[in-house]
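Me: Could you take a close look at one part of this structure with me? I would like a connected walk through how its strands are arranged.

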Amino acid sequence: MSEQVYYNPRMPLAVYRELAAHLQLLEGVSVRLLPQTCSHFDYDLSQIEGIAVTVSPTSSPQTQTRLEEILHYYALQHGGWQC
């Protein structure tokens with residue numbers, strides 16, 4: 001299993017939680033919210049550093065496609081991902 005980290009420094013905590021809930025519905029996908037590591041407080045930064053997504057190697061191609069669709073939707077709504 002490989003882990004991919006996605007982050008958007010402006011995405012709110014609630015949106016990260018919503019995204020995590022959606023992704024966890026996919027079979028063979030697990031997620032972790034990564035805590036913010038910035039040493040100074042900034043109202044413009046997200047409270048979350050990013051989201052780590054792990055996909056099982058036995059997951060179906062449909063799961064991978066759906067994962068990409070969900071990530072793409074959130075990228076369009078909130079300004080893209082940095083990996």
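Me: Which residue in β3 is the bridge partner of R32? Please go on from there to the rest of the sheet around β3.

Reply: Happy to! Keep in mind that this is a predicted model. The residue you are after is A52, which is the bridge partner of R32 in β3. That pair belongs to the contact between β2 and β3, two strands that run antiparallel and are joined by seven bridges.

Now turn to the other side of the sheet. β1 also pairs with β3 (residues 48–55) in the antiparallel sense, here over five bridges. Two of the residue pairs are easy to pick out: E3 has T54 in β3 as its bridge partner, and Y6 stands opposite I51 in β3.

Put together, the three strands make an open sheet in the order β1-β3-β2, with antiparallel pairing. β1 (2–6) and β2 (29–35) are at the edges and have a single partner strand each, so one side of each lacks a neighbour in the sheet. On average, neighbouring strands here are turned by 25° against each other, direction ignored. Helix α1 (residues 13–24) packs on this sheet and touches β1, β2 and β3. The direction of α1 makes about 5° with that of β3.

What does this look like from the point of view of β3? Seven of its eight residues are buried, that is, under 20% relative accessible area. β3 is therefore largely enclosed by the rest of the structure. As general background, strands of a sheet pair through backbone hydrogen bonds, in either a parallel or an antiparallel way.

Conventions. Residues are numbered from 1 along each chain as its sequence is written. This is a predicted model: local features need pLDDT of at least 70, side-chain atom pairs count only at pLDDT 80 or more; totals for chains, interfaces and linings use all residues. Side-chain values use heavy atoms; hydrogens and water are left out. Two strands pair if DSSP finds at least two bridges between them. Helices (H or I, at least four residues) and strands (E, at least two) are DSSP runs, numbered from the N terminus. Axes are lines fitted to C-alpha atoms, for helices over the stretch in contact, and angles run from 0 to 180 degrees between N-to-C directions. Contact means heavy atoms within 4.5 Å. Buried means under 20% relative accessible area, exposed over 50%, partly exposed in between (1.4 Å probe, protein chains only).
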